[in-house]
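Okay, thanks everyone. Let me put the structure up, and then I'll walk through what I found in it.

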Number of protein chains: 2
Amino acid sequence: MRASDRAYSALREDIIEWRLRPGTVLAEVEQSERLGVSRTPLREALSRLTAEGLTTAAGGRGVVVTDISLEDIDELFELRETLECKAAALAAERGDPAVFERLQKELLEAPALLTDHEAGLHNYYGLAAELDAAIDAAIGNAYLAQAMRGLRVHLVRVRRLAADDPSRLQAAAAEHAAIAEAIASGNPALAQAATTVHLHRSLTHVKATHPPH
Amino acid sequence: MRASDRAYSALREDIIEWRLRPGTVLAEVEQSERLGVSRTPLREALSRLTAEGLTTAAGGRGVVVTDISLEDIDELFELRETLECKAAALAAERGDPAVFERLQKELLEAPALLTDHEAGLHNYYGLAAELDAAIDAAIGNAYLAQAMRGLRVHLVRVRRLAADDPSRLQAAAAEHAAIAEAIASGNPALAQAATTVHLHRSLTHVKATHPPH
DNA sequence: GGCGAATTTTGTGTATACATAAGCTCCCGT
DNA sequence: ACGGGAGCTTATGTATACACAAAATTCGCC
């Protein structure tokens, strides 16, 4: 693997996992020494992060980790609703029903696995990612898919803020199953509505578990 | 201005103006010599272009200028409709009516200026850009605005393909005026509808003037 | 003692030299 | 004659050295 890729992945992980807090300045020499790569690949890594919006160039004095405030979360979900609703509707029109029927069944079984087991949680996240990937593939629109990929980076960052409380996860699994069902049935309006419901519940949950900060 | 900025701007211009055709491989040494900068800033420029989607990394063998086919245009407008409709609706909810009333008036006067004069065309493009900027500012959503900026790069590239035929420009000015009016009147649904109409007409025009390629 | 300017320091911007990997070509073997 | 492998070539990946600009600190002057 290239050195620039390693630096990029490491920094991205550090930012998403909140080990590098918003406002932290990433000096080139400092980070290149920490990650054991030279400045050149590190600069490329920082460029990519800045393009993604995880960092912002702080005129002349390094780049800083981008902040995510509560207003940002509102804006983020506003765009997310716009894109994911459209994506769900398109997937319902163009997707293969069999794929989403299978996902629906698996998602309906997920809550049972979630009750106590730690492994079930990872399993559920995997299923949610599978659903996302299936929608991406079904929409057949590279530009829309790219826009959604760009969004998900920030969303993962927000998710790490919210508590992984089991009752919410069970409800989320049911909502995901509803989305999969709507897509499988080829009903764009329903798929869009189910997505809207899911996103609003998610946003409410995040804001409820993290009010002050 | 930094050398990397100059290289970026030059390459971006060359790609948008179709002087660098899709499929052209941009070798680092070749381009760095052509633009009179070293490889290091040129690499950063290529990174930015690739992040924007104007070029794609061709595994190991330089980067190539991204192709835009007719299917791509359909996908592009699908995303564009999604984003711009939402933006127009939000602008109608949150924007300052006075700003859009002024833009509406100026846009209604544009067709008269467009008839023969060359300067009028540039004037109209300026007004359209002003409307875009006003919407961007009115929505108050940095993520949505960023997504739209990312799209506009590709759209400009498509626009250069289509002929600047006067009758279409006059119609487009009227459609823009309708959008401005809807936003000024604070009617989100109407703003969204006006945007949908405008985009569909634009797409139809582009596909009509450029069927075979 | 405080304020301002100059200097030092630190960090980014750029260039170049070196390493490495991927392609291509040519030659050898089958 | 065709296929495969080895060597060469070329272009990218990486490291480092140098230049320049900005910021902080310190020294001098008021």
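So, to start: how many helices and how many strands does chain A have? Chain A has 9 helices and 3 strands. Keep in mind that this is a predicted model. If you walk along chain A from the N terminus, the elements go α-β-α-α-β-β-α-α-α-α-α-α.

Now the overall build of chain A. Its radius of gyration is 19 Å, and a compact globule of 213 residues would come in near 17 Å, so the two agree. Along the principal axes, the C-alpha atoms of chain A fill a box of roughly 55 × 35 × 30 Å. Of the 213 residues in chain A, 35% are buried. And on contacts: take those in chain A with a separation of 6 or more, and 75% of them are between residues 24 or more positions apart.

Let me pick out one helix, α6 of chain A, residues 118-139. It has 22 residues and spans 33 Å from first C-alpha to last, close to the 32 Å you'd expect at 1.5 Å a residue. Which residues of α6(A) are buried? Those are Tyr124(A), Leu127(A), Leu131(A), Ile135(A), Ala138(A) and Ile139(A). They sit on the same side of α6(A), because they cover an arc of only 100 degrees around the axis. Flip to the other side of α6(A) and you get exposed residues, including Glu118(A), His122(A) and Gly126(A). Then, just after α6(A), there's Gly140(A), with a positive phi of about 55 degrees.

On to the DNA. Strand D first: 17 residues surround it, and the closest are Arg2(A), Ala3(A), Ser38(A), Glu28(B) and Gly62(B). So far that's residues; what about elements? From chain A, α1 (3-16) and α3 (39-52), and from chain B, α2 (28-35), each supply at least two residues of the surface near strand D. The one giving the most is α3(A), with 3 residues. By type, the residues of that surface are 5 nonpolar, 7 polar and 5 charged.

Now DNA strand C. Here 17 residues surround the strand, and the closest are Glu28(A), Gly62(A), Arg2(B), Ala3(B) and Ser38(B). For the surface near strand C, α2 (28-35) of chain A and α1 (3-16) and α3 (39-52) of chain B each supply at least two residues. Which element gives the most there? That's α3(B), with 3 residues. The residues near strand C split into 5 nonpolar, 7 polar and 5 charged.

That's what I have, so over to you.

Terms used. Residues numbered from 1 in each chain as written. Chains lettered and ligands numbered in written order. Predicted model: local features only at pLDDT ≥ 70, side-chain atom pairs only at ≥ 80, totals over all residues. Near = placed C-beta within 6 Å. Helix = DSSP H or I, 4+ residues; strand = E, 2+ residues; numbered from the N terminus. Nonpolar A, V, L, I, M, F, W, Y, C, P; charged D, E, K, R; others polar. Rg over C-alpha atoms; globule rule 2.2 N^0.38 Å. Buried ≥ 20, exposed ≤ 12 C-beta atoms within 10 Å, placed from the backbone. Contact = placed C-beta atoms within 7 Å. Expected span 1.5 Å × (residues − 1). Arc of directions from axis to C-beta.
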